[in-house]
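Trainee: I have a structure open and should like to go through it with you. Could we begin with the overall picture and then turn to single residues?
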Amino acid sequence: MRVSVVIPLYNKANYITRTLRSVAGQTFEDFETIIVDDGSTDGSGELAAGFPDRRFQVLHQANAGPGAARNRGIEEAHGELIALLDADDVWMPEYLASSLAMFDESGPEAAAVTSGYIIQPEGISSEGLWRKRRLKRGIQRVTPDMSGQELAYMAAYMTQSTTVIRKAACQRWGGYYCKNSCRYAEDTAFFLKVLLNEVVVFQPQPLAHLDFAASQLGRNFAGPRPVEPFLLDPEDVERVCPQELLPLLRRYYAHCACKTATVLGVWGDTAAARSLVRQYVRVNNTHPAFLLMALFACTPAAHMLGRAILRSSIASSQRGKALWDVK
């Protein structure tokens, strides 16, 4: 068996059947599917267990977070390749076949293949966005002369539901970040390690539908997003980063710290914003525009602006709400 599909599941009863149907409908059929029910309380696990396909199995565990659930699935997998999928997203029928063709085309050095996607519920292709950011089809290698923003684009492109990765690479770099039941950017912390140490392949053509509205952190108007684990625990990535790429990694940290500090500032947590800026940001390691943005976030004026943006965002979301079948 070449492919193991790994799906972490937590309280996605309205979505999981749709997701599993998209896996069962793949044109490439020789795979197993491991669903890790991470302590769901809404009947999600029972729905998954009742799915009528012998290639699917459900493992149950106490709630430990998405990183731990993915790591459990990878550990139990028999396939050479791990096809990752979130429980509220959908693959197009040719997703697996196309991903495997990219592996075959790229050769044994390729550790992962990541494809494009359609943003739902808006129905917008991601292809144009990533082409504007100069991400091209084919083999990608991180180089010391990259900017922090360029590495950020590469890490952001590697989403859960559009990445197939060698199981050996998962094991080599320790799998997903799961300390303290981490529930935000645990995937980015892992993909950073892969990007810094391996060759990956990008395929911009959309081959999946990612339901951003269904994400537990999507369109969050209740508070700021959590701070990324690699900013709270930078040594986790640094300890496996090649020496020649450490300056790039620190530029990446500075870039992310600027963005996260800005979010914290507009939500009124200027103390946390200042802490991130002091720890990571220097005049010579980030773009001046991001530096100014982060410095502004450390002031009381940022919160006033944030309140105005929040009101506008909520109004816009309510006006533009779209319907998409969730069954």
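Mentor: Certainly. Please keep in mind that this is a predicted model. The accessible surface of the protein comes to about 14,800 Å², and carbon and sulfur atoms hold 54% of it.

Trainee: How many helices and strands are there in the protein?
Mentor: The protein has 14 helices and 10 strands. Its radius of gyration is 20 Å, close to the 20 Å that the globule rule gives for 327 residues, so the protein is as compact as a globular protein of that length. The C-alpha trace spans about 55 × 45 × 35 Å along the principal axes.

Trainee: And what share of the residues counts as buried?
Mentor: Of the 327 residues, 53% count as buried. As for contacts with a separation of 6 or more, 82% are between residues 24 or more positions apart.

Trainee: What about charges: how far apart are the mean positions of the positive and negative ones?
Mentor: They are 8 Å apart, with 35 positive and 34 negative charges in the protein.

Trainee: Let us turn to helices. Which residues of α3 are buried?
Mentor: Helix α3 covers residues 66–76, and its buried residues are G67, A68, A69, R70, N71, G73 and I74. These pack against the strands β1 (3–9), β2 (31–38), β3 (56–61) and β4 (81–84), and also against the helices α7 (167–172) and α8 (186–197).

Trainee: And which are the buried residues of α1?
Mentor: In α1, residues 16–24, they are I16, R18, T19, L20, S22 and V23. The elements they pack against are β1, β2, α2 (44–49), β3, β5 (90–91) and β10 (199–211). Strands β1, β2 and β3 thus appear in the lists of both helices.

Trainee: Now T114. Where is it found, and is it buried or exposed?
Mentor: T114 is found in strand β6. Its relative accessible area is 0%, so T114 is buried.

Trainee: With which residues is T114 in contact, leaving aside its neighbours within four places in sequence?
Mentor: Those residues are Y157, M158, T159, T162, T163, V201, F202 and Q203. Take M158 as an example: T114 and M158 are 44 residues apart in sequence, yet their C-alpha atoms are 5.9 Å apart in space.

Trainee: Staying with that strand, why does Q120 count as buried?
Mentor: Q120 has 6% relative accessibility, and buried means under 20%. Q120 lies in β6, which runs over residues 110–120. The side chain of Q120 is joined to that of H209 by a polar contact of 2.9 Å.

Trainee: Which form does the peptide bond from Q120 to P121 take, cis or trans?
Mentor: That bond is cis, with omega near 15°. P121 itself is placed in the loop between β6 and β7 (124–125).

Trainee: One last topic: backbone angles. What is phi of N11?
Mentor: Phi of N11 is near 50°, a positive value in a residue other than glycine. N11 lies in the loop between β1 and α1, and its relative accessible area of 24% makes it partly exposed.

Trainee: And what is the phi of R134?
Mentor: R134 is not a glycine either, and has a positive phi of about 70°. R134 is placed in the loop between α5 (127–132) and β8 (138–140).

Trainee: Why does R134 count as exposed?
Mentor: Its relative accessibility is 74%, and exposed means over 50%.

Terms used:
Residues numbered from 1 in each chain as written. Predicted model: local features only at pLDDT ≥ 70, side-chain atom pairs only at ≥ 80, totals over all residues. Heavy atoms only, no water. Helix = DSSP H or I, 4+ residues; strand = E, 2+ residues; numbered from the N terminus. Rg over C-alpha atoms; globule rule 2.2 N^0.38 Å. Buried < 20%, exposed > 50% of the residue type's maximum accessible area, 1.4 Å probe, protein only. Contact = heavy atoms within 4.5 Å. Areas by Shrake-Rupley, 256 points an atom, 1.4 Å probe, with all protein chains shown as cover. Lys, Arg positive; Asp, Glu negative; His and termini not counted. Charge placed at Lys NZ, Arg CZ, Asp CG, Glu CD. Polar contact = N/O pair within 3.5 Å; in protein donor to acceptor, adjacent residues only side chain to side chain.
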